Amino acid sequence: TTTQAKTLLIHSASSMMGGVLSTPAESQPWNGPADYFGTGRLLLDSGFTYDSLFVPDTSYSQLPPLTLAALTPYQVVIAPATWALDDNQVSVLLAYAAQGGTLVIDGHFATSEANGSAANRPAVQGLLAVAGPQPYASGRIVVTNAQYGVSYENASSSMQRIIRAQFDQFLSPYVAPD
């Protein structure tokens with residue numbers, strides 16, 4: 001038997017490069033890989049079936065772009081440390097929330113273009129200024145700076161239990177474990 005995932009984890013190639021390449025537009029570029037992998041481990045350890053969607057670095061990749069159709073099957077889309085995105089990627093993620101989805105932003109989001117240069121996105125900055133859930137058209141955007149994935153990756157096993165409980169409580173209003 002298989003379970004259809006209700007949760008999608010965003011894997012931003014541009015943000016993952018933050019662990020290797022520095023950028024003046026992001027204060028914590030090294031958190032990309034740890035936040036992505038740690039969030040994946042948290043989801044698995046908490047009993048969530050999830051899918052991961054690779055979002056290519058459009059400054060050099062010829063892979064197909066992110067589409068709204070790729071996001072709509074999911075109840076929740078989690079974007080951990082996805083600070084490097086192009087304008088189309090940001091628009092697609094916001095459109096997902098506007099059409100009824102729940103976009104969870106953990107850590108920095110869309111502060112840089114895919115090439116690492118500073119992004120000028122006043123509407124996004126306004127959304128990020130409010131921590132917690134906020135309505136967004138027909139859906140919602142949930143903002144946290146807890147960086148659950150980074151914390152989980154770097155914690156001892158006893159602290160991981162505490163972080164997992166906090167993460168489960170954080171996600172419980174939006175999606176339940178399978």
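Helices and strands here are DSSP runs, helices of at least four residues and strands of at least two, numbered from the N terminus. With that in hand, here are the legends for this predicted model.

**View 1. The whole chain, from one end to the other.** Reading along the sequence, you meet the pattern β-α-α-β-α-β-α-β-α-β-β-α-α. Altogether the secondary structure comes to 7 helices and 6 strands. The protein has 178 residues, and 48% of them are buried. About 8,200 Å² is exposed, with carbon and sulfur atoms supplying 55% of that area. Look also at how the chain meets itself: among contacts between residues at least 6 apart in sequence, 75% join residues at least 24 apart.

**View 2. The largest nonpolar core.** In soluble globular proteins, nonpolar side chains tend to be buried together. Here the largest nonpolar core has 24 residues. Those with the most contacts inside this core are Leu-71, Val-77, Leu-93, Leu-103, Phe-109 and Ile-141. Which elements supply at least two residues each? They are strand E1 (7-12), strand E3 (76-84), helix H4 (87-98), strand E4, helix H5 (122-128) and strand E6 (139-144). Helix H4 gives the most, with 6 residues. Apart from this core lies another, of 18 residues, and its members include Val-76, Ile-163, Leu-171 and Tyr-174.

**View 3. Leu-93 and the residues it touches.** Zoom in on Leu-93, one of the residues with the most contacts inside the largest nonpolar core. Leaving aside residues up to four places away in sequence, which ones does Leu-93 touch? The list is Ile-10, Leu-66, Leu-71, Val-77, Leu-85, Leu-103 and Phe-109.

**View 4. A cavity inside the protein.** The count comes to 1 cavity of 30 Å³ or more. About 30 Å³ of space lies in the largest cavity. Around this space you can find Ile-78, Val-104, Asp-106, Thr-144, Tyr-148, Phe-167, Phe-170 and Leu-171. How do these lining residues divide into nonpolar, polar and charged? There are 6 nonpolar, 1 polar and 1 charged. Strand E4 (102-112) and helix H7 (157-171) each supply at least two residues of the lining. The largest share, 3 residues, comes from helix H7. Leu-171 is worth a second look: this residue lines the largest cavity and is also among the members of the 18-residue core.

**View 5. Two alanines with a positive phi.** Ala-81 is not a glycine, yet its phi is positive, about 45°. This residue lies in strand E3. Is Ala-81 buried or exposed? Its relative accessible area is 4%, and the cut-off for buried is under 20%, so Ala-81 counts as buried. Now find Ala-110 in strand E4. Ala-110 has a positive phi of about 60°, again without being a glycine. With a relative accessible area of 4%, Ala-110 is buried.

**View 6. Glu-153 and its contacts.** Glu-153 lies in helix H6, which covers residues 148-153. Its relative accessibility is 29%; because that value falls between the 20% and 50% cut-offs, Glu-153 counts as partly exposed. Where residues up to four places away in sequence are not counted, Glu-153 touches Ala-34, Phe-37, Gly-38 and Arg-41. Take a look at Leu-42 as well, which is 111 residues from Glu-153 along the chain. What separates the C-alpha atoms of Glu-153 and Leu-42? The separation is 9.0 Å.

Methods. Residues are numbered from 1 along each chain as its sequence is written. This is a predicted model: local features need pLDDT of at least 70, side-chain atom pairs count only at pLDDT 80 or more; totals for chains, interfaces and linings use all residues. Side-chain values use heavy atoms; hydrogens and water are left out. On a 1 Å grid over the protein atoms alone, a cavity is a set of points where a 1.4 Å probe fits but cannot get out, and a pocket is an open set with protein on both sides within 12 Å along at least five of seven lines; lining residues have an atom within 4 Å of a point. Grid points are joined across faces, edges and corners, and a volume is the space filled by probe spheres set on the points. Ala, Val, Leu, Ile, Met, Phe, Trp, Tyr, Cys and Pro count as nonpolar, Asp, Glu, Lys and Arg as charged, and the others, Gly among them, as polar. A nonpolar core is a set of buried Ala, Val, Leu, Ile, Met, Phe, Trp, Tyr and Cys residues joined through side-chain atoms within 4.5 Å. Buried means under 20% relative accessible area, exposed over 50%, partly exposed in between (1.4 Å probe, protein chains only). Contact means heavy atoms within 4.5 Å. Accessible areas come from the Shrake-Rupley method with a 1.4 Å probe; for residues, only the protein chains shown count as cover.
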